[in-house]
Every structure is written in structure tokens, then in C-alpha cells.
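These are my notebook entries on a structure I had not looked at before. I went through it topic by topic and wrote down what I looked up.

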Amino acid sequence: MCGIIGIVGVKPVASLLIDGLKRLEYRGYDSAGIATLEGGKLARRRAPGKLFNLEKLVDEQPIGGTIGIGHTRWATHGAPSENNAHPHATAEVAIVHNGIIENFRELKRELEAAGRVFTSDTDTEIVAHLVSLYIGQGMSPRHAAATAFKRLQGAFSLVLMFSGVEDLLIGARRGTPLAVGVGTGEMYLASDAIALAPYTSSICYLADGDWVEITRDGFKVYDVDDQPVERAVRQSHVTGAMIGKGNFSHFMQKEIYEQTEALTDTLNAFVHPSTGHIALPEMDVDFASLSRITIIACGTAYLAGFVAKYWLERIARIPVEIDIASEFRYREAPLPEKGLALFISQSGETLDTLEALRYCRRQGQYILSIVNVPESTIARESDSVLYTLAGPEIGVASTKAFTTQLSVLACLAIAIARARKTVSTEDENRLALALRDAPSRIAQVLHLEEQVRDLTRRFTDVRDVLYLGRGSSYPIALEGALKLKEISYIHAEGYAAGELKHGPIALIDESVPVVVVAPHDALFEKVASNVQEVAARGGRIILISDKKGIETIGSLATATLEMPEIDGFVAPILYAVPVQLLAYHTAVHKGTDVDQPRNLAKSVTVE
Ligand code: F6R
């Protein structure tokens, strides 16, 4: 979602702000802006659309100054126009904001009654007016900001810069992240460490409710009661190289290729180097006596959880419930004693997932999370965390985060099965071996890329695509459809293959490609019957299967993608890769914005 950067520096800051915003582009946005202090006076440039519009504007109408704030906006309140773009400003203060001020209507009425005139449709502008009002009443910028923060409801982060105050930025964090970057003679604020990677790796993550003042010489953090507090400065592992595209055309393509390494790193954390035995970090929970696991997540992370439901129920013989966070958090689900709630999130900041976590904590569940960003709120609020070591994922469409989530979930399923004695040692060894073998198998699957590229030339003019799968391949069918929708804008649906004849089969004709995810596993014959049903109605089948599967029903397909033969347990991890490639190359042929698809944001910090 929105990206924030603030710099109190020594060099002209406008181009540094824009560079920082470029590194935040991946979060998703539809307008951008910067403000600086030029000789103490607020100067501001804002533009709708992509950052090059802002860059062009700043080239034509440059602004100077060594202190400034910048923002990429993902529209919530009001269209992505110049007027609604941040920074919002009054004569006294300029503000950038991520999140939502929930009580903005009532504050706006109050401020309008006090004679304040608004120029945008945003919730953000009320913060600028509120702070201005307090400054007008004689408060110092610090006092005005701290007083205003207490009046705001919702989840947000904010950075404020004050007219005539050349050595101060104030930031606040409630709900959505904000980090302080510590430089030498320069200080920074940003919504994540990625924006600051070339400037500093010394990062202090604010805790929820904190606010901070930064000057060229340092920073002071205050808690929600305005008491000074110490927050640790850590070294961020995010480097400039990690957030470059290397030789790849897009971040998404690079991240698809990084899966071999990301899976290896992630698995190494859970696999004993000499015995090959799967071992999880110590947790204060007894897997053997668990009554139920409730898995909650959003989007692709939810689909990773959906695969895990199949694994956990089959090998660990434990009841698993799974739901999307936005539904779960409001349905007041009764949760059992001795229940474990499992949250999956790449960013660790998805608001619905976080609120669902808080609900489960109130219900006395043990909170376990699978997260990619260690400093994230979900990681901090969990009883135990299993980290995916995917590294920064910049492409909006999740790829390496998904397969690393699956690999952690597979380790978890094996560990729980062992604790519950539902798996024999022989089977456990077989599953663990198949899992350890997955990264090298992914490397083999990546060789299909040329074939996929050719195949997707036929996809670009289609209006709808169906994806079918059964068992643990069903969530992969859903994931394939989600990937295609989000980056190529082609309508796609994933279905459980057996459900086809209960409705969706009516859609089948020669214009609708049907992608079938069908490893030759225990359910293969069932899927084969469903494929026959599609073929009989003239459907164009793209079959993703292994040698045996293709030998059996390949003749019914218009195209086949041959996967390596693997243990059915790890098939979902491997079969995720061709559906990623299908979506990627379809989008490339169509010429859509692969890494920053329209309307989408990487980390969804609003409801
Ligand atoms: C799809 C995608 C999203 C995310 C979802 C959850 O490609 O990336 O569906 O999976 O927004 O995000 P996290 O994992 O950060 O909670």
C-alpha cells in the first residue's frame, strides 16, 4: 500500500526522495508526491499516476532543500488525482500518511466549523489541519503533533514536516509500520527498510503507538503516553543488490527463479544437516494434545494454508479449519480449548490477518505464524514464528513467498505428525527426503520456461481461463487462476475438478482454455474422468502432469507441460511453478505491468 519516506539530510533531498519512492513502488500506488523546505518554506510537487510523472514535474519545476518527505499513494478516500496525492499541507505543516483515519468525518466537521477549508477528498488532510489548528493556538510543533495523534482513530503511520523548522521530522506509528533509518549526519523515516537500503542499514522499527522526532543528529522515540522510550537499532539484511532485477526482465521472473535458493535456505533452517531429520524450533505447545488447527491468511498465503490443510489432515490426522482473514475476523467463530491458530503472511502486516490473530489470542489460542519479514507486527505478536527465508519479494504477485510458505508448512505437518505418532519412521523419512529434494526439482521445472512462453502466445486473446485440480492440487489451481487474474487481467477461475459438473462445465467451449493441474497421484484417475468431460465438450486442455499422466490422457490435451516425477506430497510445491510461469508469460505477451499490476498493493494494511 502507500509508501512513505522522510529525510533530514545535508544534500539536496528532492532526487533522494524520488529514489526512495522508486524502491517503494512495489507496494502498489496510483499517485505520488514530495515536499521539501526551501529556505524554510514548504514546497510541494504532486502528480497522479506513476513516478515518472512526478519525476518529470520535478525536472520542469525543481524544488530545493535538504529536508523533505515523499509518498506513493494507493487511493482509499478519493480518486488518484493530484489534489488527493500526498503530501497534504497547510501553511504550517506537510504530512504523508499510510492507512486510514477512521474518525476523519467527525474531525472534518469540527475543523470545518473552526473555519478550515479542505482541498482534497482524503482522510489525511484533516491531520494537517488539526496540527495547524493546534500550532495556531500556540503549541510547539512537537506538542501539536502529539496532541493531534491522540485524537486519531484507525491504523496508520504518519510523517510530518513543519514550515520554518529545518531540523525536525515527526513520525508516528499506529498499526502500519514505520522505521527510522540512522545515518551519519542524516536521518530517515520510511515505511520499510527497502526504501532506505542504499542510505543506511541501521534501522529502528517503531513499536505500535510510538511516535518519534528525528533531527540530523539523532532521534527520540516516545510511547503512546508521550514518555521517552528506547527502541533498539538493528542491522537490516536488505541490500541494494537484493532489490535489483539483475539480468531478469521483471522482479516476478527473478523471484520465480530465486525459488530454488529461497527453498534451500528456508528448508536448511528446519532440516538437521547430518540426519536430514525435520526439527522445528522449541515451542511452548504440545502438538500431541492439540484439538484443532485454525489456519487464517489472505490471498496467496491463504492458498498455501489450504494446501497445508490437506497435508495436516492426511498425515497428522488433526482437524484443520481454514478461512480468509477478512471473513474469519468478523464471524465470531468459537475456538476450541487447546487449539492452535496458524497465520501465514509474507509481509507480516496484512491488517485483516493481524486482527484475526488478535481475535484468536483473545480466544486463548496458541498463536503460531509463518512470516517472511522478521520485524513485522504479526511476527512480534505471535507466540512462535517460523520464518520463510525468501528475502525481499518485490513483485506484487507472490511467488517465492508462496513456495517457501509451502515448504515451512510441509515441515510443520511432518513435525506434528511425528508428535502425534500418525506417521511411521519410514514414511517420515520418505516425506522429508522428497521435501529436501524439492529445490533441485524446481530447478528442473524452470527448464519449462521456453515451452510456457510459446504456449502463452495463444492465451493473450482469451477472455476466460479455467484451472482445475483435485486434492492438494486444487489450491494450486486456485493459485494459478489468482496469478493469471492479477497480472494479466484475464478472468480466471480455479475449481475443484470434481465440482465442474455442478455448474462451471456450462462455460466450456473451444474459446475457454482449461489448465489442468494433475500429478499422477492417487486421485489421478478421477481427474482423468473430469478431463474426458471437458474434452467431450470441445474444451482446450492444457495439461500439467508427469510422464505417466501425459501418457494416459495427454492425447486429450491441446498442450502438455511435462513435470518431473515426484512424491505426491511435494507436488503442490513443484506444480506452483508452471502456473506462475503461465501467468507471467501471458502478462508479458499482453504487455501489462507485471510487477505493479493495476489497483494492487503488496502489503494490504487497510481492511
Ligand atoms: C497474490 C498476493 C496476495 C497476498 C495477500 C497476503 O499474488 O500476493 O494475494 O498473498 O495480499 O499478503 P501477505 O502474505 O503479505 O499477508
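**Entry: the loop at P87**

I started with P87, which sits in the loop between β4 (67-73) and β5 (88-89). I looked up the peptide bond that joins H86 and P87 and found it to be cis, with omega at about -5°. I keep in mind that this is a predicted model.

**Entry: cavities**

H86 came up again when I turned to the enclosed spaces, since H86 is one of the residues that line the largest cavity. I searched the whole structure and noted three cavities of 30 Å³ or more. The largest cavity holds about 60 Å³ of space. Besides H86, I listed C2, R73, W74, T76, H77, H97, G99, T122, D123 and T124 in its lining. What is the make-up of the lining of the largest cavity by class? I noted seven polar residues, two nonpolar and two charged.

The second largest cavity has about 50 Å³ of space. I wrote down its lining as L455, R458, F459, P513, R540, I542 and T558. Sorted by class, the lining of the second largest cavity gives four nonpolar residues, two charged and one polar.

**Entry: R27**

C2, one of the residues in the lining of the largest cavity, led me to R27. The side chain of R27 reaches the backbone oxygen of C2 at 3.1 Å. I placed R27 in the loop between α1 (14-24) and β2 (31-38). Is R27 buried or exposed? Its relative accessibility is 4%, so I entered R27 as buried.

**Entry: the largest pocket**

I then moved from closed spaces to open ones. The largest pocket has a volume of about 870 Å³. I noted 40 residues in its lining, and V238, N372, V373, G391 and P392 are those that lie nearest the centre of the pocket. Which elements give two or more residues to this lining? I found α6 (193-196), β11 (202-205), β15 (234-235) and α8 (259-268). The largest share comes from α8, with three residues.

By class, I recorded 15 nonpolar, 14 charged and eleven polar residues in the lining of the largest pocket. I also asked where the largest pocket lies with respect to domain 1 (3-242) and domain 2 (246-446). Both domains give residues to the lining, so I placed the largest pocket between them.

**Entry: cysteines**

How many disulfides does the structure hold? I found zero. I looked at C298 as a case. The closest cysteine sulfur to that of C298 is in C360, at 13 Å, which is too far for a bond. A disulfide would need the two sulfur atoms within 2.5 Å. C298 has 25% relative accessibility, so I entered C298 as partly exposed. C411, with a relative accessible area of 0%, went down as buried.

**Entry: S369**

I found S369 in strand β19 (residues 366-371). S369 is at 0% relative accessibility and therefore counts as buried. I looked up what the side chain of S369 touches, and noted a polar contact with the side chain of S382 at 2.6 Å.

**Entry: T300**

Helix α9 (residues 299-315) contains T300. At 8% relative accessibility, T300 also went into my list as buried. I checked T300 against R116, which is 184 residues away along the chain. The C-alpha atoms of T300 and R116 are separated by 44 Å.

**Entry: positive phi**

Last, I looked up backbone angles. E332 has a positive phi of about 50°, although E332 is not a glycine. I placed E332 in the loop between α10 (325-328) and β18 (339-345). Is E332 buried or exposed? Its relative accessible area is 64%, so I entered E332 as exposed.

N599 is another residue other than glycine with a positive phi, near 65°. I found N599 in the segment after α19 (571-590). With a relative accessible area of 59%, N599 is exposed.

Methods:
Residues numbered from 1 in each chain as written. Predicted model: local features only at pLDDT ≥ 70, side-chain atom pairs only at ≥ 80, totals over all residues. Heavy atoms only, no water. 1 Å grid on protein atoms, 1.4 Å probe; cavity = no way out; pocket = protein on both sides within 12 Å on 5 of 7 lines; lining within 4 Å. Points joined across faces, edges and corners; volume = space filled by probe spheres on them. Helix = DSSP H or I, 4+ residues; strand = E, 2+ residues; numbered from the N terminus. Nonpolar A, V, L, I, M, F, W, Y, C, P; charged D, E, K, R; others polar. Domains from an automatic or database assignment. Buried < 20%, exposed > 50% of the residue type's maximum accessible area, 1.4 Å probe, protein only. Polar contact = N/O pair within 3.5 Å; in protein donor to acceptor, adjacent residues only side chain to side chain.
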